[in-house]
Amino acid sequence: MSFQPQQSDIQLLRQRDKKIYTKVQLLNSHFKPINELQGEVIDGNITIDAQSDTRRTGSMTIYVKDNSYIVGKESNIWLDKYLKIFIGFKSTRTQSIVWYNVGIYVFDSSQYTYDSITKSLTLSCSDLTSKLDGSHGGVVNAVNTTIPQGVVIRDSMIGTITQLGGVTDYIVDEMGEYYDTVNHNEVPYDLEFPTGVTVYDIVRELRDLYPAWETFFDVDGTFICQMIPTCENDSIVLD
C-alpha cells in the first residue's frame, strides 16, 4: 500500500545528524516473523527500479555467528523463507528509532564464504515477482493454457495470480475502464499459452492488452495491477 508521510516523518528527514539503521526479519512461508537478523547484517544495498517488473532487488552480507546461518533446509537461510527489510532513522528528539519497511524479498542465490576472519554469508534477493516469473517457481505445468475471448480481464488476472501463483493479497483495478471501446474490460481474443509458460507471462499478456498499465508487488507483499500514474489530475499546489 502507498505510504502517507506525516509531519513527524518530514521532521525526521530534516535532522542534521542522521543515524541510519537496518533491521532484517526472517519470515516463514506464511510471511510470519520467525527470527531477526538485526546486528548481524554487516553490508548490503537495495535497488528500486520502477521500469522493471521486479521492482526491488538487493544483496547483503551476514556475519555467521553459528551454524543456524549456514545455508541448508533446516537453517535460517533457505529458499522456503523470506526477508523483510527495514531502514531506521534515529530521532534526536525522542532518541528512538523509526523503522520504514522497504519490502519483502525472496532469496535469489547464496554464496557462503568462510574463513577464520570474515565468517560471512553473501546473499542476493529480489521481491515476490520471483515467485511468479520462473526464478523461484511460477511455471505452469499444464499442457496448454487458454483464456477465452469475452472473459473479464480483471477476473482473469485475479484467477491467474491466485490459482496458479498462490497470491493471497492483491489489488487489481478494472482494466480498460478508461477507454471508450465496446466490451473494453473483456479479453478481445483467445489467449493461448504453451507448456512451460510462467504465471507472470500470463499476467504480462493480460496487462499489456491496454497500454500504460503496470503490475508489481508493493513493500507489504501485495500484488498491484493499476494504470501507471500520470499525475494529470493532481493539484499543482502542495497541501
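Methionine 227 lies in strand S12 of this predicted model. At 27% relative accessibility, methionine 227 counts as partly exposed, because the partly exposed class runs between 20% and 50%. Its C-alpha atom is 8.8 Å from that of threonine 215, a residue twelve positions away in sequence. Strand S12 spans residues 223–227, and strand S11 spans residues 213–217. Both strands give two or more residues to the largest nonpolar core.

The protein as a whole has 239 residues, of which 37% count as buried. Three helices and twelve strands make up its list of elements. Among contacts in the protein with a separation of 6 or more, 59% join residues 24 or more positions apart.

The largest nonpolar core has 30 residues. Within this core, Met157, Leu206 and Phe223 touch the most other members. Two helices, H2 (153–164) and H3 (199–207), each give two or more residues to the core. Strands S6 (97–113), S10 (191–193), S11 and S12 do so as well. The top contributor is H3, with five residues. A second core is separate and has 14 residues. Its members include Met60, Leu83, Tyr105 and Leu121.

Methionine 157 shows how parts of the chain meet around the largest core. With neighbours within four places in sequence left aside, methionine 157 is in contact with Val172, Met175, Val203, Leu206, Arg207, Thr215, Phe223 and Cys225. Two of these partners, Leu206 and Phe223, are also named with Met157 as the core members that touch the most others.

Threonine 160 is found in helix H2. Its relative accessibility is 5%, so threonine 160 counts as buried. Beyond its neighbours within four places in sequence, threonine 160 is in contact with Gly165, Val199, Ile202, Val203 and Leu206. Val203 and Leu206 are also among the contacts of methionine 157.

Two cysteines were examined for burial. Cysteine 225 has 0% relative accessibility and therefore counts as buried. Cysteine 125 has 3% relative accessibility, so this residue counts as buried too. Cysteine 225 is one of the contacts of methionine 157. A disulfide is a covalent bond between the sulfur atoms of two cysteines. A search of the whole structure finds zero disulfides.

The largest pocket holds about 350 Å³ of space. It is lined by 18 residues, and those closest to its centre are Phe31, Leu128, Gly166, Thr168 and Gly221. By class, the lining has eight nonpolar, six polar and four charged residues.

Phenylalanine 31, one of the residues closest to the pocket centre, also has a notable backbone angle. Its phi is positive, about 65°, although phenylalanine 31 is not a glycine. The residue is found in the loop between strand S1 (20–27) and strand S2 (33–36). Its relative accessibility is 35%, so phenylalanine 31 counts as partly exposed. Glutamine 95 also has a positive phi, near 60°, and is a residue other than glycine. Glutamine 95 sits in the loop between strand S5 (82–90) and S6.

Threonine 47 lies in strand S3, which covers residues 41–48. At 40% relative accessibility, threonine 47 counts as partly exposed. With neighbours within four places in sequence set aside, its contacts are Arg55, Arg56 and Thr57. Threonine 57 is ten residues from threonine 47 in sequence, and the two C-alpha atoms are 5.3 Å apart.

Lysine 119 is found in the loop between S6 and strand S7 (120–126). This lysine has 27% relative accessibility and so counts as partly exposed. Lysine 119 and lysine 65 are 54 residues apart along the chain. Their C-alpha atoms are separated by 7.6 Å.

Definitions and conventions:
Residues are numbered from 1 along each chain as its sequence is written. This is a predicted model: local features need pLDDT of at least 70, side-chain atom pairs count only at pLDDT 80 or more; totals for chains, interfaces and linings use all residues. Side-chain values use heavy atoms; hydrogens and water are left out. On a 1 Å grid over the protein atoms alone, a cavity is a set of points where a 1.4 Å probe fits but cannot get out, and a pocket is an open set with protein on both sides within 12 Å along at least five of seven lines; lining residues have an atom within 4 Å of a point. Grid points are joined across faces, edges and corners, and a volume is the space filled by probe spheres set on the points. Ala, Val, Leu, Ile, Met, Phe, Trp, Tyr, Cys and Pro count as nonpolar, Asp, Glu, Lys and Arg as charged, and the others, Gly among them, as polar. A disulfide is a pair of cysteine sulfur atoms within 2.5 Å. Buried means under 20% relative accessible area, exposed over 50%, partly exposed in between (1.4 Å probe, protein chains only). A nonpolar core is a set of buried Ala, Val, Leu, Ile, Met, Phe, Trp, Tyr and Cys residues joined through side-chain atoms within 4.5 Å. Helices (H or I, at least four residues) and strands (E, at least two) are DSSP runs, numbered from the N terminus. Contact means heavy atoms within 4.5 Å.
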